[in-house]
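The exercises below are meant for working through with the sequence and the model side by side. Each task is followed by a solution that goes step by step.

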Amino acid sequence: MYQTFHVTGMTCGHCERAVTQAVQRVDPAAQVQIDRPSGKVNVQTAQPREQIAQAIADEGYAVQ
């Protein structure tokens, strides 16, 4: 299942890696696609949306 999040605060490649790694800690098999200019993070995962959003927020990014 694809889930789309709007994440603010990503400014560089390191930010993208941090978000990707945060998601993959919750679901190691998750596929993550990030469009940094728009702030869209598309995640293919079976994990609950709340867990993915919390993992990203724990890295210091605002998630909508």
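**Exercise 1. The start of the chain**

Find which residues M1 touches, not counting residues up to four places away in sequence.

Solution. Setting aside the residues up to four places away in sequence, M1 touches V43, Q44 and T45. One should keep in mind throughout that this is a predicted model. The next step is to place the residue along the chain, and here M1 belongs to the segment before β1, the strand that covers residues 2-8. The distance then follows: M1 and Q44 are separated by 43 residues in sequence, while their C-alpha atoms are 5.4 Å apart in space. As a last step, the relative accessibility of M1 is 61%, and because the cut-off for exposed is over 50%, M1 counts as exposed.

**Exercise 2. A loop residue compared with the strand start**

Determine where A46 is placed, and whether A46 is buried or exposed.

Solution. A46 sits in the loop that runs between β3 (40-44) and α2 (49-58). With a relative accessibility of 68%, A46 counts as exposed. For its position in space, take Y2 as the partner: the two residues are 44 apart in sequence, and from C-alpha to C-alpha they are 8.4 Å apart.

**Exercise 3. Two residues of one helix**

Describe V26 and Q21 in turn, giving for each the element, the exposure and a C-alpha distance to a residue further along the chain.

Solution. Begin with V26, which is found in helix α1, spanning residues 13-26. Its relative accessible area is 26%, so V26 is partly exposed. Once neighbours within four places in sequence are left aside, the contacts of V26 are Q47, Q51, I52 and A55. For I52, which is 26 residues from V26 along the chain, the C-alpha separation is 6.8 Å.

Continue with Q21, which also lies in helix α1. Q21 is partly exposed, with a relative accessible area of 46%. Its C-alpha atom is 13 Å from that of Q54, a residue 33 places away along the chain.

**Exercise 4. The cysteines**

Work out how many disulfides the count comes to, and why C12 is not bonded to C15.

Solution. The term itself comes before the count: a disulfide is a covalent bond between the sulfur atoms of two cysteines. The cut-off needed for this step is a pair of cysteine sulfur atoms within 2.5 Å. For C12, the closest cysteine sulfur is that of C15, at 3.6 Å, which is too far for a bond. Seen from the other side, C15 is in no disulfide, with the sulfur of C12 as the nearest cysteine sulfur. The count therefore comes to 0 disulfides by this rule. The exposure of each residue completes the picture: C12 is partly exposed at a relative accessible area of 29%, whereas C15, at 7% relative accessibility, counts as buried.

**Exercise 5. The protein as a whole**

State the order of the elements from the N terminus on, and then assess the overall dimensions.

Solution. The protein has 2 helices and 4 strands, and from the N terminus on they are arranged as β-α-β-β-α-β. The radius of gyration is 10 Å, close to the 11 Å from the globule rule for 64 residues, so the protein is as compact as a globular protein of that length. Its C-alpha trace spans about 25 × 20 × 20 Å along the principal axes.

Turning to contacts and surface, 62% of the contacts between residues at least 6 apart in sequence join residues at least 24 apart. Buried residues account for 31% of the 64 residues. The exposed area is about 3800 Å², of which carbon and sulfur atoms supply 48%. Finally, there are 5 positive and 6 negative charges, and their mean positions are 6 Å apart.

Terms used: Residues numbered from 1 in each chain as written. Predicted model: local features only at pLDDT ≥ 70, side-chain atom pairs only at ≥ 80, totals over all residues. Heavy atoms only, no water. Buried < 20%, exposed > 50% of the residue type's maximum accessible area, 1.4 Å probe, protein only. Rg over C-alpha atoms; globule rule 2.2 N^0.38 Å. Contact = heavy atoms within 4.5 Å. Areas by Shrake-Rupley, 256 points an atom, 1.4 Å probe, with all protein chains shown as cover. Lys, Arg positive; Asp, Glu negative; His and termini not counted. Charge placed at Lys NZ, Arg CZ, Asp CG, Glu CD.
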